[in-house]
Amino acid sequence: MRMYDLIQKKKQGGALTKEEIGFLVGGFTSGEIPDYQMSAFLMAVCLKGMNEAETTELTLAMAASGDMLDLSRIEGIPADKHSTGGVGDKTSLIVGPLVASAGVPVAKMSGRGLGHTGGTIDKLESFPGFSTAISSERFLQNVNEMKLAIVGQTANLAPADKKIYALRDVTATVDSIPLIASSIMSKKLAAGSQVIVLDVKVGSGAFMKKLPAAVALAETMVRIGNRAGRKTYALLTDMNQPLGRTVGNSLEVREAIDALSGQAPDDLMTVSLRLAELMLVGCQKAASTAEAGETLRRLLASGKAKEKLAEFVARQGGDASYVYEPEKFEEAPYRLTVPAPETGYVAGIDAEEIGICSLLLGGGRTTKDSKIDLRVGLRLFKKLGEAVREGEELAVLFGADLDALQAAKERLLAAYRFSGQSPEVPPVIYGYVDGQGFHPEETA
Ligand code: URA
């Protein structure tokens with residue numbers, strides 16, 4: 001078999017066989033197939049697509065390119081959740097403890113932030129002492145004993161994806177449904193959970209700007225997961241503005257603690273609860289999402305979900321007193337208030353630009369090795385559709401450097417659009433996808 005022939009076949013719109021896909025994934029992972037041939041192939045996929053069977057085979061071959069975690073020693077049905085990426089997305093910090101407090105084992109592998117999007121591991125490290133560097137033995141033990149453990153991605157999990165993603169990033173080949181679906185699902189399959197709940201973001205701050213493309217991506221991932229024997233669901237949620245009101249590591253942790261105390265902004269609470277409901281239904285802890293919702297609301301009201309967060313933080317070496325006394329989180333040295341430049345309604349907030357504001361303040365990485373400041377970030381007082389008066393507080397920035405604060409302020413103002421008319425506000429949830437297809441959200 002020759003890589004040249006496979007590139008040619010895809011260029012002409014042909015469908016690759018399982019053997020051909022196995023050859024190219026194996027050859028690229030081992031280094032026998034060079035970057036330039038893989039780049040040409042990826043571009044051909046972007047232009048000609050892949051059918052469902054090819055996308056499934058690509059996913060399975062990438063998942064099997066490294067370690068496949070064995071979670072069989074976990075008691076119960078382990079569940080995982082994954083977001084396609086957003087700004088202010090702290091749902092894992094809420095959903096993990098919430099679902100675990102309902103008795104569902106959550107064995108989660110999370111990432112760090114890169115660019116304008118944040119990562120769960122950085123956020124958790126806001127708790128002094130917290131570490132994700134625990135042995136696999138300890139990881140399984142924690143899940144069995146208290147239903148929740150979070151570790152960083154191991155070096156050898158889906159290494160084919162790691163290499164392919166690095167190439168896609170620099171060859172303008174990220175925005176392809178078969179390539180995104182295989183990238184995400186290969187890691188989820190290798191991470192071993194039996195139930196996978198995906199949060200597919202839609203809107204200006206997401207990979208998928210429009211609903212039909214997001215539904216197509218969600219349906220592809222759900223079918224791949226189900227074919228691989230994992231019960232898979234996808235929730236389609238809005239990313240036309242940041243989720244919740246905070247962006248930045250420790251600020252987001254504090255907002256997640258508020259959510260576990262029942263005091264989160266509506267959009268954040270709605271998305272977190274719906275993700276958690278799908279996890280409970282998938283793990284057979286509830287017969288319907290309505291029943292799951294009741295259980296989850298009870299766990300929030302009783303304080304059990306918040307207790308689970310404290311237990312989890314302590315188990316992984318963190319200072320759990322911060323869960324009950326969040327004012328202990330160290331604040332950034334400077335605050336800068338951003339007043340509204342005009343009177344009207346908020347008609348647009350560019351979520352990606354808001355993520356970049358946090359990055360400019362030092363809360364994100366420009367390279368994998370940059371050091372981040374967990375204290376910095378921002379809080380938005382005004383979100384889409386809300387009325388605002390000139391001079392009223394639009395947002396507050398938290399920073400450690402006055403020049404960076406000024407630059408972030410200008411960027412934040414440029415990210416907002418105002419209108420004299422009350423604008424139409426997008427829904428928080430567009431619907432969900434299961435094995436039967438897309439179920440649009442019923443509107444009241
Ligand atoms: N997240 C991934 O892991 N891979 C993609 O291709 C896109 C988002």
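A polar contact is a pair of N or O atoms within 3.5 Å, and that cut-off is worth keeping in mind while moving through this predicted model.

Begin by selecting the ligand together with the residues around it, which are Tyr165, Arg168, Ile180, Ser183, Ile184, Lys187 and Phe207. Colouring this shell by residue class will separate it into four nonpolar residues, one polar residue and two charged ones.

Next, select the side chain of Arg168, where a polar atom lies 2.9 Å from an oxygen atom of the ligand. Move from there to Lys187, whose side chain places an N or O atom 2.5 Å from an oxygen atom of the ligand. Then turn to Ser183, where the partner on the ligand is a nitrogen atom, 2.6 Å from an N or O atom in the serine side chain. With these contacts in view, switch on the surface: the ligand taken alone exposes 240 Å², and the protein buries 89% of that.

Now widen the selection to the secondary structure, taking helix H8 (159–170) and helix H9 (177–190), each of which supplies at least two residues of the shell around the ligand. Of the elements that contribute, H9 gives the most to this shell, with four residues.

Finally, leave the ligand and select the cysteines Cys46 and Cys283. Cys46 is partly exposed, with a relative accessible area of 24%, whereas Cys283 is buried, at 6%; Cys283 is classed as buried because its value falls under 20%. A search for disulfides will return nothing, as the structure holds zero of them.

Definitions and conventions. Residues are numbered from 1 along each chain as its sequence is written. This is a predicted model: local features need pLDDT of at least 70, side-chain atom pairs count only at pLDDT 80 or more; totals for chains, interfaces and linings use all residues. Side-chain values use heavy atoms; hydrogens and water are left out. A disulfide is a pair of cysteine sulfur atoms within 2.5 Å. Buried means under 20% relative accessible area, exposed over 50%, partly exposed in between (1.4 Å probe, protein chains only). A residue is near a molecule or strand if one of its heavy atoms lies within 4 Å of it. A polar contact is a pair of N or O atoms within 3.5 Å; within protein, one must be able to donate a hydrogen and the other to accept it, and residues adjacent in sequence count only if both atoms are side-chain atoms. Accessible areas come from the Shrake-Rupley method with a 1.4 Å probe; for residues, only the protein chains shown count as cover. Ala, Val, Leu, Ile, Met, Phe, Trp, Tyr, Cys and Pro count as nonpolar, Asp, Glu, Lys and Arg as charged, and the others, Gly among them, as polar.
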